[in-house]
Amino acid sequence: MHQIKVACLKTDSTTFKGKILENLAEMLLKSQNYSVESTVRMTGVELDLLCKHNISGRQIYIECKAYHDNTTIPAETISKLCGIKNIKNYYEAWLVTTAPLSKDAKGLVKEINSGHNGHEYSFYTPEKLIETFTNAKIIQSGLISEAKVKELIKKDKTGNVSLVISDRGNYWAVECLSSGSVSGIIFTDAQNSEIVTDESLLNFFTETEIFAKEIKCNKVQEYFENKISYNICPDLIKLSEAYIVKINEIGVRITHPGKDELVLDDIFVYPHLEIIDDDRNGQKIISSKLSELGTEFNKVLIFGDDVSGKTTLAYKLQRDIERKGMIPLYINADDIKYADEKKFNNLLKNSFKKQYI
């Protein structure tokens with residue numbers, strides 16, 4: 001279960017802390033085409049917002065709650081939300097919280113959702129917030145960051161993964177375990193999953209005390225001090241686990257009775273391709289044939305409408321060819337901005353570093 005932690009210093013004002021919470025709410029609002037119309041109340045842990053849909057003009061009332069660890073949202077908060085919505089006759093009412101619901105609050109939410117006007121309420125608990133942000137591409141999945149950390153720490157184990165929000169950006173915090181206990185935290189940028197090594201930023205996380213004092217927020221420095229080798233050995237070149245997790249994402253959440261969450265490998269079917277050629281125009285081949293090296297299809301251009309699956313097919317072919325002992329690179333054409341050999345070589349190098357161990 002993912003958590004959301006608000007990182008700020010003890011010396012920060014309540015207005016400043018409220019702004020961090022407001023930024024979290026605005027991320028959610030923008031993803032659904034809403035904007036903040038007014039801030040009704042602002043404290044260090046609570047915020048009331050009146051918002052308007054940018055197209056329909058409908059008003060919604062939002063209560064934001066950022067509580068510390070081991071605190072749950074009481075049922076009274078849900079009752080208050082419903083009361084304000086009904087008195088003011090707002091179109092919808094939302095609860096945005098970094099804390100989980102208490103048992104009584106869960107029961108009340110279940111009762112509201114099952115009622116005839118349940119669609120007028122939205123309850124964004126930490127897990128739902130993270131799922132919404134991930135689906136809207138505001139952040140990358142925490143699984144990608146966890147995979148990157150696992151590559152760094154090798155045989156050591158990882159624990160819980162939390163989303164940390166702050167005025168300095170949003171980050172994933174991955175616990176490192178030693179003898180079953182949390183010994184430190186390694187942070188990654190939530191937007192690109194890159195591991196955070198900046199000393200000033202790690203010191204900031206330490207000063208915020210979002211984790212216990214004995215837990216090292218600069219744990220990453222130990223692995224770099226041990227001179228981890230990144231030298232390439234031909235027998236060990238392979239796609240990184242983090243990259244595989246990223247390209248294996250479907251983009252929507254699909255569940256199955258036999259598996260909690262499906263990935264691309266679970267549902268992908270190789271499409272048929274139609275040859276565009278004067279002699280064989282209209283002839284079809286199965287696209288998996290493109291991974292067979294040494295055939296007439298070593299060099300091909302694949303055309304298709306938007307969202308027809310070209311990128312997904314490219315990812316699958318990359319993995320198929322990599323399993324044959326080759327080193328295929330995926331390059332987005334939008335990244336090729338100049339007709340310059342040196343810059344293109346740099347693009348190849350950077351792509352290799354991102355995709356391979």
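Is asparagine 33 buried, exposed or partly exposed? In this predicted model, asparagine 33 has a relative accessibility of 31%, and because the partly exposed class covers values between under 20% for buried and over 50% for exposed, asparagine 33 counts as partly exposed.

## The chain as a whole

The chain has 357 residues, of which 39% count as buried, and its secondary structure comes to 11 helices and 11 strands. Taken along the principal axes, the box filled by the C-alpha atoms is roughly 75 × 55 × 45 Å. Among the contacts in the chain with a separation of 6 or more, 57% are made by residues that are 24 or more positions apart.

## Two asparagines in loops

Most residues other than glycine have a negative phi. Asparagine 33, which lies in the loop between H1 and S2, has a positive phi of about 65° although it is not a glycine. Asparagine 89 also has a positive phi, of about 60°, and its place is in the loop between H2 and S5. With a relative accessibility of 65%, asparagine 89 counts as exposed, because exposed means over 50%.

## The five-stranded sheet

An open sheet of five strands, with mixed pairing, follows the order S2-S3-S4-S5-S6. Its edge strands are S2 (34–42) and S6 (121–124), each of which pairs on one side only, and from one strand to the next the twist averages 20°. Strand S5, made of residues 92–97, pairs with S6 in the parallel sense over four bridges, and valine 96 stands opposite tyrosine 124 in S6. Helix H1 (residues 14–31) lies across S2, S3 (46–53), S4, S5 and S6, and runs at about 155° to S2.

Lysine 65 has its place in strand S4, which spans residues 59–65. The relative accessible area of lysine 65 is 4%, so this residue is buried, given that buried means under 20%. When its neighbours within four places in sequence are left aside, lysine 65 is in contact with residues including Leu21, Val45, Glu46, Ile73 and Thr77, and its other contacts include Leu95, Val96, Thr97, Thr98 and Ala99.

## Helices H2 and H3

Two packed helices are described by the angle between their axes and the distance between the axes. For helix H2 (residues 75–88) and helix H3 (residues 103–113), the axes come within 7 Å and cross at roughly 35°. On the H2 side the contact is made by Ala75, Ile78, Ser79 and Cys82, while H3 contributes Asp104, Ala105, Leu108, Val109 and Ile112. Sorted by class, the contact of H2 with H3 has seven nonpolar residues, one polar residue and one charged residue.

## Strands S7, S8 and S9

Strand S7 (residues 157–166) pairs with strand S8 (residues 169–178) in the antiparallel sense over eight bridges, and these two strands form a hairpin with two residues between them. Within this pairing, valine 164 has tyrosine 171 of S8 as its bridge partner.

S8 is also joined by eight bridges to strand S9 (residues 181–189), and S8 and S9 run antiparallel. Here cysteine 176 stands opposite glycine 184 in S9. The hairpin of S8 and S9 has two residues between the strands, and in this hairpin serine 179 takes a positive phi near 55°.

## Aromatic rings and charges

A pair of aromatic rings is described by the distance of the centres and the angle of the planes. The structure holds 11 aromatic pairs. In one of them, the rings of tyrosine 121 and phenylalanine 123 have centres 6.4 Å apart and planes at 5°, so this pair is stacked; tyrosine 121 and phenylalanine 123 are both buried. The rings of phenylalanine 352 and tyrosine 356, whose centres are 5.1 Å apart and whose planes are at 15°, are therefore stacked too, and phenylalanine 352 and tyrosine 356 are likewise buried.

One aromatic cluster is formed by Tyr171, Phe187, Phe204, Phe205 and Phe211. Over the face of phenylalanine 204 lies arginine 168, at 4.0 Å from the ring centre. Lysine 128, in turn, lies over the face of tyrosine 124, at 4.7 Å from the ring centre.

Methods
Residues are numbered from 1 along each chain as its sequence is written. This is a predicted model: local features need pLDDT of at least 70, side-chain atom pairs count only at pLDDT 80 or more; totals for chains, interfaces and linings use all residues. Side-chain values use heavy atoms; hydrogens and water are left out. Axes are lines fitted to C-alpha atoms, for helices over the stretch in contact, and angles run from 0 to 180 degrees between N-to-C directions. Contact means heavy atoms within 4.5 Å. Ala, Val, Leu, Ile, Met, Phe, Trp, Tyr, Cys and Pro count as nonpolar, Asp, Glu, Lys and Arg as charged, and the others, Gly among them, as polar. Two strands pair if DSSP finds at least two bridges between them. Buried means under 20% relative accessible area, exposed over 50%, partly exposed in between (1.4 Å probe, protein chains only). Rings of Phe, Tyr and Trp (its six-membered ring) pair if their centres lie within 6.5 Å; planes under 30 degrees apart count as stacked, over 60 as edge-to-face and the rest as tilted. A charge sits over a ring if NZ of Lys or CZ of Arg is within 6 Å of the ring centre and within 35 degrees of the ring normal.
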